[in-house]
Amino acid sequence: MAIPDEIKAMIGKETEPVVTAVEKGAMVLLAMAVDDPNPLWQDEKYARGTRYGGIVAHPAFINVFRGLVLRKLMEGIKLTPSFKGVGIDGGTEIEYYHPIRPGDVITSVAKVTDIKEKQGKLGTMLIFTLETTYTNQLGQVTATATDTTIRY
Amino acid sequence: MAKKQVYWEEVEVGQEIPTLVKHPTTIQLAKWAGASGDYNPIHYDKDFAIANNLPGPIVHGRLTFAFLSQLVTDWIGEGGTLKKIGVSFRGMHGPITHAGEDHVSKGKVTKKYIKEGEHYVELEIHAENAKGEVTTPGTAEVVLPCRAK
């Protein structure tokens, strides 16, 4: 099966920006879900005395925005009947430029840069490569990510 | 958590960094689902997971990513900066039960250099499941403080 044209047409297209306000509680809950006791993620009093001047988000917090933007991107895909619509996370590479702080407003924009087809034991799989840019309210790029997501 | 700060000069290529052992349970997977917004039922619904050819609930790849991030940020301390981390999800951790199972993250220094006045260290990192299989190989790039500066 060839990759359907309407899916192929996604390559190079950017999603609409997903804008998310960052709440301190959400940052702390994520650090707690990781069970990561580092006070930099959750202890304001401690963090104020560090070079950051306050708590910053756990490196994994960026995945909250990634989930939102990925959903937006995949909403647009009408998978053909042979697809079950199962998603698998293939991997990620994230580069960090500016820490995320409480009150930040993060704008996430993703772009599909590649789609590959592969025959696996579960049938035809489509492997999407996405590049996402996360920008804060000051216009600073907070992080960029290259993600691989698999659909079958 | 006033740990001893690691400095760039003290780091040697080939050196292993302290292993991080976590113990994810179904409660932790539910917490991660809520905190991250990833509600795929394969991570908390045993029947659903089994119906989807899995042995039971498995750890979210992004939670493994979070553990590997912790491995690195624990080592670099407050004075270090995580610049980049990349991982491939190749294997799984599970079936996860209420009792949980060990999830082991390890790292090793592969390179150290100075770039644009910053003191970089590169690491090879990976996660191992309770069977000792490498599930998630990756790399990380960090900047460490320098005693000489």
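How many helices and strands does the secondary structure of chain A come to? Chain A has 4 helices and 5 strands. Before I go on, please keep in mind that this is a predicted model.

Let's stay with chain A for a moment. If you read along its sequence, the pattern is α-β-α-α-α-β-β-β-β. Its C-alpha atoms fill a box of roughly 60 × 30 × 20 Å along the principal axes. Of the 152 residues in the chain, 32% are buried. For those of you who like contact maps: taking contacts in chain A with a separation of 6 or more, 70% are between residues 24 or more positions apart.

Now, the sheet. It is an open sheet of 10 strands with antiparallel pairing, and the order is S1(A)-S3(A)-S4(A)-S5(A)-S2(A)-S2(B)-S5(B)-S4(B)-S3(B)-S1(B). Which strands stand at the edges? Those are S1 of chain A and S1 of chain B, residues 16–22; each has a single partner strand, so one side of each is left without a neighbour in the sheet. From one strand to the next, the twist averages 25°.

Let me walk across it with you, beginning in chain A. S1(A), residues 18–21, is joined to S3(A), residues 105–120, by 4 bridges, and the two run antiparallel. One of the pairs to click on is A:Val18, whose bridge partner in S3(A) is A:Ser108. S3(A) then pairs with S4(A), residues 123–135, over 13 bridges, again in the antiparallel sense. Here A:Val109 stands opposite A:Thr133. These two strands form a hairpin, with 2 residues between them.

Next comes the crossing from one chain to the other. S2(A), residues 87–96, and S2(B) pair antiparallel over 5 bridges. Look for A:Glu93 here, as its bridge partner in S2(B) is B:Gly86. Over at the chain B end, 5 bridges join S1(B) to S3(B), which also run antiparallel, and B:Val21 stands opposite B:Val104.

What packs on all this? In chain A, helix H4, residues 62–75, packs on the sheet and touches S1, S2, S3, S4 and S5 of chain A; its direction makes about 60° with that of S3(A). In chain B, H3(B) lies across S1, S2, S3, S4 and S5 of chain B together with S2 of chain A, and it runs at about 145° to S2(B).

That helix turns up again at the contact between the chains. The contact takes 26 residues from each of chain B and chain A. On the side of chain B that touches chain A, the elements giving two or more residues are helix H1 (26–36), H3 and strand S2 (81–88), and H3(B) gives the most, with 8 residues. This side divides into 10 nonpolar, 9 polar and 7 charged residues.

And then the core. The largest nonpolar core has 64 residues, and those touching the most other members are A:Met27, A:Leu30, A:Phe61, A:Ile62, B:Phe67, B:Leu68 and B:Val72. Helix H3 of chain B, residues 61–76, supplies the largest share, 9 residues. Leaving aside residues up to four places away in sequence, B:Val72 touches several others, including B:Leu82, B:Ile85, B:Leu123 and B:Val142.

One contrast to finish: is B:Thr97 buried or exposed? B:Thr97 lies in the loop between S2 and S3 of chain B. It counts as exposed because 12 other C-beta atoms lie within 10 Å, and the cut-off for exposed is 12 or fewer.

Technical notes. Residues numbered from 1 in each chain as written. Chains lettered and ligands numbered in written order. Predicted model: local features only at pLDDT ≥ 70, side-chain atom pairs only at ≥ 80, totals over all residues. Core = buried A, V, L, I, M, F, W, Y, C linked by C-beta atoms within 7 Å. Buried ≥ 20, exposed ≤ 12 C-beta atoms within 10 Å, placed from the backbone. Contact = placed C-beta atoms within 7 Å. Nonpolar A, V, L, I, M, F, W, Y, C, P; charged D, E, K, R; others polar. Pairing = 2+ DSSP bridges. Axes fitted to C-alpha atoms, helices over the stretch in contact; angles between N-to-C directions.
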